[in-house]
Amino acid sequence: MDLIGYYRKLEEKSTPKQEFREMIAEACGVAPTTVSRWVYGEVIPEKLKREKISEVIGIPVEELFPNLQNDEA
């Protein structure tokens, strides 16, 4: 499941999605708005941040960011 798919499966209420953005932002040392940009594919996080996201939510990087080339993953 890619990152947007994971995000969309969160409850429709704003709180779980907001909590998700804040949790990832804190883990990666960025603003929640940056996480939103990652989720919607506007920006791809750098490799170490992709790995941190993967670690936090328990989904392999390759699944979260399936459109990356092997050398980018």
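**Exercise 1. The whole chain**

How much accessible surface does the chain have, and what share of it belongs to carbon and sulfur atoms?

*Solution.* Start with the ground rules. This is a predicted model, in which local features need pLDDT of at least 70, side-chain atom pairs count only at pLDDT 80 or more, and totals for chains, interfaces and linings use all residues. Residues are numbered from 1 along each chain as its sequence is written, and side-chain values use heavy atoms, with hydrogens and water left out.

Now the surface. The chain's accessible surface is about 4,800 Å² (Shrake-Rupley method, 1.4 Å probe). Carbon and sulfur atoms hold 47% of that surface.

Next, burial. Of the 73 residues, 33% are buried (under 20% relative accessible area, 1.4 Å probe, protein chains only).

Then the elements. The chain has 5 helices and 0 strands (DSSP runs: H or I, at least four residues, for helices; E, at least two, for strands). The order from the N terminus is α-α-α-α-α.

Last, contacts (heavy atoms within 4.5 Å). Take those with a separation of 6 or more: 40% join residues 24 or more positions apart.

**Exercise 2. Ser-54 and Val-43**

Place Ser-54 and Val-43, then classify each as buried or partly exposed.

*Solution.* Ser-54 sits in helix α4, residues 47–57. Ser-54 counts as buried because its relative accessibility is 13%. Its side chain reaches the backbone nitrogen of Val-61 at 3.5 Å. Setting aside residues up to four places away in sequence, Ser-54 touches Ile-59, Pro-60, Val-61 and Leu-64.

Val-43 lies in the loop between α3 and α4. Val-43 has 28% relative accessibility, so the class is partly exposed (between 20% and 50%). Beyond its neighbours within four places in sequence, Val-43 contacts Arg-37 and Trp-38.

**Exercise 3. The largest pocket**

Find the volume of the largest pocket, then describe its lining.

*Solution.* A pocket is an open set of points on a 1 Å grid where a 1.4 Å probe fits, with protein on both sides within 12 Å along at least five of seven lines. The largest one holds about 230 Å³ of space. Its lining (residues with an atom within 4 Å of a point) has 15 residues. Closest to the centre are Gly-41, Leu-64, Phe-65, Pro-66 and Asn-67. Leu-64 is also one of the residues that Ser-54 touches.

Which helices contribute? α1 (3–9) and α3 (32–39) each supply at least two lining residues. By class, the lining has 12 nonpolar, 2 polar and 1 charged residues.

Notes. Grid points are joined across faces, edges and corners, and a volume is the space filled by probe spheres set on the points. Ala, Val, Leu, Ile, Met, Phe, Trp, Tyr, Cys and Pro count as nonpolar, Asp, Glu, Lys and Arg as charged, and the others, Gly among them, as polar. A polar contact is a pair of N or O atoms within 3.5 Å; within protein, one must be able to donate a hydrogen and the other to accept it, and residues adjacent in sequence count only if both atoms are side-chain atoms.
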